[in-house]
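Trainee: Could you take me through one part of this model closely? I would like to look at its aromatic rings, and then at how a pair of helices packs.

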Amino acid sequence: MAAPLLHTRLPGDGAAAATAAPAPGSAVKAPGASRTGISDMLALEKDFLSSPPKKTVRFGGTVTDILLKYKKGDTNDFELLKHQLSDPDIKDAQIINWLLEFRNSVTYLTKDFEQLISILLKLPWLERSQEVLEEYLAFLGNLVSAQTVYLRPCLSMIVSHFIPSRVIIKEGDTTISDSDDEDENLPANFDTCHRALQLIARYVPSTPWFLMPILVEKFPFIRKSERILECYVHNLLRISVYFPTLRPEILELVVEKLLKMDVSASRQNVEDAEDAEETAVQTNNGTDTVERLFNMDEDEETKDETKDISGKSDQMAHPVAERLDILLSLLFSYIKDVCYKNGEIDVNKTKDLYRDLLGIFDKLVLPTHASCHTQFFMFYLCSFKLGFAEAFLEHLWKKLQNPNNPAILRQAAGNYIGSLLARAKFVPIITVKACLDLLVNWLHIYLDNQDAGTKAFCDVALHGPFYSACQAVFYTFVFRHKQLLDGNLRKGLAYLQSLNFERIVMSQLNPLKICLPSVVNLFAAITRKYQLVFCYTIIERNNRQMLPVLRNTAGGGSVQTCTNPLDTFFPFDPCVLKRSKKVIDPIYQSWEDLSAEELQEFKKPVEKGTIEDEDDDFLKGEVPQNDTMIGITPSSFESSFRSPSSSVGSPQVTYILDQPL
């Protein structure tokens, strides 16, 4: 069974304090609180050198003599030295004695002795006593300060210990190599490795620049076990704490790997795996129930097994989704640890992290089509303070309206704006209205510019950003219309009428033909109910003009209709990763299917007389103070509306809205 989840430690925790307070009795312990920096280490080394080493059985001369003989051509003692260091039964006292001599001879350990240093770096030092650990750390510090040519090999050796070591398991004639997940010393070993990196950085200030390429190179393959990936990412995030200059690159590396997992585990595949797992569990439970129907003595055992099954509910059935879930939840923990101190947000640190993550979002996430979950790190960070959500929306808005940006990125920015406004509980209605004002005003200006031109016709290639902005407006309106109309129906309707949806819908660019049918249908139903615009005539005309496309497949010809010409996806569709979902759900606004009665209710328009009388009984039932957001899910998930190249969408989730704002 794997060890428990490793939590990110920040400065001031045990991990950071480890370098400042080594274990008592160690070779490099601090004799007084006033000693700090490299001068302390030099003083400590002098203290250590003054103490005689333990006597051990050995062959050959001193290390210095052996190295000098080797340069003169006498290699006998040198080969004997390598043999003794490679002995798997070497004792702790022998290692300490050898390391002490090597520390006295570091000036002779030039590049000619690369093979000897390689043997020293392969010593199983983390599995030894505390005295060996301290002496080995001191040796590493001396070696890199005197011979910087060995900096990369030393860093590579330390980083290789960021994952559980491999163990060989023999079962009969079969030999299996696996990671040692049961090692209880893993957290302590990781602490020691981080101490080693910080120690080396004190001697060689340029260590972070040499370290980053090694971290990239050593990153485990994404198909490795969950435990290996978790340990490595955990240690990467810890490095970003004490090497802050590396944080943007480390976060970029982590997000890049998350995206690779994300796009290789589509939402449909993940949900299919979960459904299959649930069916298998129910089948097994049913079989067990029949077998134990008349066995009264096994009631207690049955209850225990039920608890075990429920205890494993956080595990994802899809293997790639399981890895993604673990790493994404680890990233969420890191973000919270950086931004919060003693339960209160540190605005300055959050701003710095926001800038780093925003740059990564622009570089990696925004250009990636149909990623399902990775982008939720921005959703989570924006929930900490409204200012960050508004800054993110403004950033996306600038991307959308800038004609110098590629059209595909402008369309993606529109998708993110609509999805964030619709799904984020932490975005108040006043911010939603401000964003709608910006978007709708831009749409009207766009139409003004097109009316006098020769391109005023329906074409996704020419007007992709326009259609993306239209869909963001429609999608946001569908999700937020009750809050927009809440409180004062007259003012709410006056505001919605001021947006002049009719001009957008009736324009020659015909956005209802391009936008996702599920969004269009709900938008049409709601706007008809409140007599804002009548869309059904245009929808029927578009349906008549929607010509089916004949596709040749391996099984024969098939007729398909492209209902998603924008290839739209909603970035913040519900999270289906079980661990990450627990973090996102409290700040997430979900959607339910409409009942048949409510669908019929949408077809009934609001009578004009009711607008003047806000105390009417119909209004009281129509816009209650605490209402449930229900309806057909406006997403790309429905099979009849799904893009052939995308399986992203909103599963059916129940959620009750808070008190309307």
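Mentor: What follows covers the aromatic rings, then the charges over rings, then one helix pair. Keep in mind that this is a predicted model.

Start with the rings. A search of the whole structure finds 33 aromatic pairs. Take F534 and Y536 as one of them. Their ring centres lie 5.6 Å apart, and their planes meet at 65°. Planes over 60 degrees apart count as edge-to-face, so this pair is edge-to-face. How exposed are the two residues? F534 is partly exposed, with a relative accessible area of 42%. Y536 is partly exposed too, with a value of 26%.

Rings can also group. One aromatic cluster is formed by F361, F376, F379, F392, Y416, F426, F572 and Y588.

Next, look for charges over rings. K433 lies over the face of Y495, at 4.6 Å from the ring centre. The charged end of K529 sits over the ring of Y530, and the distance to the ring's centre is 5.8 Å.

Now the helices. Two packed helices are described by the angle and the distance between their axes. Find helix α10, residues 207-218, and helix α11, residues 226-242. Their axes come within 12 Å and cross at roughly 165°. That angle makes α10 roughly antiparallel to α11. The crossing of α10 and α11 is left-handed. Which residues make the contact? From α10 they are L211, I214, L215 and K218. From α11 they are Y232, L236 and I239.

Conventions. Residues numbered from 1 in each chain as written. Predicted model: local features only at pLDDT ≥ 70, side-chain atom pairs only at ≥ 80, totals over all residues. Heavy atoms only, no water. Phe/Tyr/Trp six-rings, centres within 6.5 Å; stacked < 30°, edge-to-face > 60°. Buried < 20%, exposed > 50% of the residue type's maximum accessible area, 1.4 Å probe, protein only. Lys NZ or Arg CZ within 6 Å of the ring centre and 35° of its normal. Axes fitted to C-alpha atoms, helices over the stretch in contact; angles between N-to-C directions. Helix = DSSP H or I, 4+ residues; strand = E, 2+ residues; numbered from the N terminus. Parallel < 35°, antiparallel > 145°, perpendicular 65-115°, else oblique. Left-handed = near helix turned anticlockwise from the far one by under 90°. Contact = heavy atoms within 4.5 Å.
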